[in-house]
Amino acid sequence: MIRKLIFFFPLQLLLVNLKRNHLLLLLWIILFGFINDSIASKYGIPNLFLAPEYLGSISFWSYCIVGFSIGGFVMTFNISSYIINSKRFPFIAALKRPFVKFCINNSLIPFTFVVFYIFQVINYHLENENSSGFQIFIYVLAVIVGYTINIMLSLTYFLSTNRNIFKLLGIISNIDEDKPVNSLFSKKQNIYDILKSRVKWHVETYMHTPFIVKPARDILHYDKKMLKSVIDQNHLNASFFEIVIFISLIVLGLFSENPVFVIPAGASIILFFTIIFILMSAFYTWFKGWTTIIFIVGFFLINYLSKSEVFTYSNMAYGLNYDTEKADYSLKNLNQLRNNQENLKKDKENSISILENWKRKNKSNIKPKIIFINTSGGGLRSTLWTFHVLQTTDSLTSNKLFNQTHLISGSSGGMIGASYYRELYLQRNRNTLPNSIYSKNYLKNVSKDLLNPIAFSIATNDFFIRLKKFKDGNYSYTKDRGYSFERQLLINSDNILNKRLKDYSQPEYESAIPLMILSPTVINDGRRMLISSQPISFLCNNSLSSKVKNQPIVENFEFTRLFETQDANNLKYSSALRMSATFPIIMPRVSLPTKPQITVMDAGMRDNFGKLTTYKYISTFKNWINENTSGIIIITLRDKHKNIEVRDNSLSSITETFFSPVGSLYENLFPIQDYNSDEMLHYLGNDFTQPIDVINFELNNTENEISLSWHLTTKEKEKILNSINSQRNQKAIKRLKKLINQ
């Protein structure tokens with residue numbers, strides 16, 4: 001019995017994968033980790049599989065598509081495994097329908113995955129969505145239906161094309177494959193002798209069907225060349241099948257702007273893994289035993305060539321002119337821009353005019369409080385939280401909140417939510433808003449999925465062949481996941497954010513809307529690039545003091561002045577928001593037309609709340625603020641609590657101990673920013689005769705229960721919306737109302 005178990009074909013296939021095909025298994029391990037909530041749970045990746053959305057909702061079709069993609073992944077795994085491993089098991093050439101038999105015996109991992117996935121889906125809906133038993137049954141049925149359709153279509157192809165030894169010889173055999181020759185099971189040869197043999201992998205039994213086990217057929221009397229030709233022919237059919245799949249995926253990417261073709265993000269991830277399987281088997285087909293060394297050489301070659309302009313690919317900020325002379329990003333030019341006294345004088349006068357317009361708008365018997373809003377990054381959770389807090393507090397203060405808000409700064413998702421509310425506020429004041437600004441429809445809009453089109457673009461376009469371009473005015477750009485993000489953002493917001501940077505210049509100047517300053521981080525040197533429709537050179541200049549003898553470095557620079565000849569004011573506002581929200585890997589880093597070339601990413605890397613911008617602005621105009629206001633209110637919209645419990649790291653693994661110095665820097669990046677900003681505010685307060693009140697609105701997100709992602713589940717949305725009712729936030733609302741009405 002033990003002998004039959006050890007030399008059972010499914011077990012032998014598992015062992016050969018464990019010994020030789022580590023990358024094949026690695027992809028399975030990652031998928032198991034995703035659905036088990038043990039890999040990337042902080043970023044909400046497991047939810048993309050357990051609660052997939054298609055056309056804006058969780059449905060039969062969303063699960064059916066995921067099931068279909070799993071079926072494709074399983075079949076590609078079987079094909080890759082067949083191409084790589086079949087030579088080690090030549091007896092399968094003597095079986096009828098050899099590839100089908102191989103798939104049945106290679107189903108140990110796929111079957112375990114599908115069962116585990118279905119279990120996790122059921123468990124997820126019972127614990128998180130309160131779904132009915134009938135709904136869960138429909139979702140599970142959808143997974144099975146999608147999976148089965150893909151498997152049946154694939155097997156139909158192989159049943160009609162693959163050959164076995166009988167077809168090759170033109171023999172009609174009435175003898176089934178269940179009559180072994182005694183030499184195959186020789187009792188003289190013990191298990192140890194067989195296991196240490198290096199000739200081939202030994203098989204004594206195999207699964208004839210999913211429910212029938214049969215002994216393996218003796219192949220000693222067959223010509224080895226004939227057996228090899230059968231396997232090679234099956235390899236050819238499998239390779240052709242993979243080529244068709246690969247081309248189909250590329251073609252599918254051409255229809256990425258049709259919502260029907262934008263599949264759930266979880267399915268896109270599986271699709272991407274499927275392509276990796278295809279490439280692996282293609283490499284093996286071409287290079288056989290040289291596959292590993294060729295793969296390594298190819299990786300370093302591609303890495304080297306990627307440094308060349310011919311082979312590199314750059315994501316662009318839409319609206320900028322990349323065809324003209326590049327902007328001079330040198331220390332000399334940055335210092336000249338910073339120290340231009342004429343610009344400094346004009347820009348301060350311009351901002352004083354805006355402040356005066358703000359003052360006239362808020363004219364009353366008493367001096368008004370001036371409000372500054374700082375909002376944190378944090379993906380779609382921050383987008384929804386920021387918008388919800390602004391909508392709620394503005395309503396409860398009878399529109400006074402946004403009327404008295406002068407400046408909004410921050411990063412990533414928070415700035416997207418604030419931008420959406422600001423645009424709605426502008427349209428309401430112009431009487432062009434169809435619904436009340438407090439309508440729940442806008443909450444639904446701002447919480448809609450942004451990840452599906454990004455993931456779909458990654459799977460079908462970004463990492464392989466970028467075929468499509470588009471024109472924005474006079475300029476042409478390549479479509480990639482950055483384009484997909486912006487396009488979906490505009491769709492979700494009913495296209496009202498489809499504006500240019502210059503479109504906000506006059507409304508901001510008139511103080512019809514608050515100023516907004518975005519500050520993406522330059523990857524090259526860590527500087528902050530300040531994007532505003534107003535000239536703000538004073539935020540890039542450290543005011544000289546006769547008592548301080550120092551040569552400060554350039555920390556900030558103005559986007560509009562550095563890229564003036566590149567049509568900076570024509571920048572699409574969605575691109576400005578994207579540059580401020582460029583999370584690594586998920587979003588492409590944006591390359592700008594400079595010499596040397598610079599790239600930018602998420603503003604949160606330097607200033608997650610935009611407090612550096614706010615405090616510098618307040619300090620610059622402290623005299624005007626002291627004379628014309630009754631104080632400052634700084635509202636901070638946080639995607640998690642400010643004061644967090646100290647983690648106990650007393651018991652750490654070896655790897656945790658090794659990586660903790662580096663890992664702790666990343667984990668504590670935002671707390672460190674809080675420490676610094678609190679200290680800055682302490683010193684800033686010494687310059688004011690009027691009080692500075694800081695009000696925090698904190699999302700109830702203990703232990704990162706709400707994922708850092710561009711996709712939110714139903715439960716996560718509910719948790720975000722309900723956070724406004726927490727005791728801490730209700731106190732903040734009461735305090736805000738009291739301060740505004742003083």
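Biologist: How many of the 26 residues of helix H5 are buried?

Modeller: A good place to start, and please keep in mind that this is a predicted model. A residue counts as buried when its relative accessible area is under 20%. In H5, 22 of the 26 residues are buried, and the helix is mostly covered.

Biologist: What span should H5 have, and how far apart are its end C-alpha atoms?

Modeller: The idea is to allow 1.5 Å a residue and compare that with the model. For H5, residues 60-85, the expected span is 38 Å; the end C-alpha atoms lie 37 Å apart, so the two values agree.

Biologist: And what span does H20 have between its end C-alpha atoms?

Modeller: Here the comparison comes out another way. A straight helix of 12 residues would span 16 Å, whereas H20 spans only 14 Å. As for cover, 12 of the 12 residues of H20 are buried, including Leu 451, Phe 456 and Thr 460.

Biologist: Let me step back. How many helices and strands does the protein have?

Modeller: There are 31 helices and 16 strands. The protein has 742 residues, of which 54% count as buried. Another useful number is about contacts between residues with a separation of 6 or more: 81% of these are made by residues 24 or more positions apart.

Biologist: Which residues does Ile 270 contact, beyond its neighbours within four places in sequence?

Modeller: Ile 270 is a nice case to follow on the structure. Its place is in helix H12, residues 265-287, and its relative accessibility is 0%, so Ile 270 counts as buried. Its contacts are Leu 31, Phe 49, Val 66, Ser 69, Ile 70 and Phe 73. Look at Ser 69 in particular: Ile 270 and Ser 69 are 201 residues apart along the chain, yet 6.3 Å separates their C-alpha atoms.

Biologist: Where does Asn 570 lie, and is Asn 570 buried or exposed?

Modeller: Asn 570 sits in the loop between helix H23 and helix H24. Its relative accessible area is 12%, so Asn 570 is buried. Setting aside residues up to four places away in sequence, Asn 570 touches Tyr 318, Gly 319, Asp 472, Tyr 475, Arg 500 and Lys 502.

Biologist: Now for pairs of helices. At what angle do H20 and H21 pack?

Modeller: For a pair, look at the angle and at the distance between the axes. H20 (residues 451-462) and H21 (residues 481-492) pack at about 155°, and their axes are 8 Å apart. Angles over 145 degrees count as roughly antiparallel, so that is how H20 is placed relative to H21. The crossing is right-handed.

Biologist: Which residues of H20 and H21 meet?

Modeller: From H20 come Pro 453, Ile 454, Ser 457, Ile 458 and Asp 462; from H21 come Arg 481, Ser 484, Phe 485 and Gln 488. Sorted by class, this contact has four nonpolar, three polar and two charged residues.

Biologist: At what angle do H16 and H31 pack?

Modeller: H16 (residues 379-396) and H31 (residues 727-740) pack at about 45°, with their axes 10 Å apart. The two helices are therefore oblique to each other, and their crossing is right-handed. Trp 385, Thr 393 and Leu 396 in H16 meet Asn 729, Ile 733, Leu 736 and Lys 737 in H31. By class, that contact has four nonpolar residues, two polar and one charged.

Technical notes. Residues are numbered from 1 along each chain as its sequence is written. This is a predicted model: local features need pLDDT of at least 70, side-chain atom pairs count only at pLDDT 80 or more; totals for chains, interfaces and linings use all residues. Side-chain values use heavy atoms; hydrogens and water are left out. Axes are lines fitted to C-alpha atoms, for helices over the stretch in contact, and angles run from 0 to 180 degrees between N-to-C directions. Helices (H or I, at least four residues) and strands (E, at least two) are DSSP runs, numbered from the N terminus. Angles under 35 degrees count as roughly parallel, over 145 as roughly antiparallel, 65 to 115 as roughly perpendicular and the rest as oblique. A crossing is left-handed if the near helix is turned anticlockwise from the far one by less than a right angle, and right-handed if clockwise. Contact means heavy atoms within 4.5 Å. Ala, Val, Leu, Ile, Met, Phe, Trp, Tyr, Cys and Pro count as nonpolar, Asp, Glu, Lys and Arg as charged, and the others, Gly among them, as polar. The expected span of a helix is 1.5 Å times one less than its number of residues. Buried means under 20% relative accessible area, exposed over 50%, partly exposed in between (1.4 Å probe, protein chains only).
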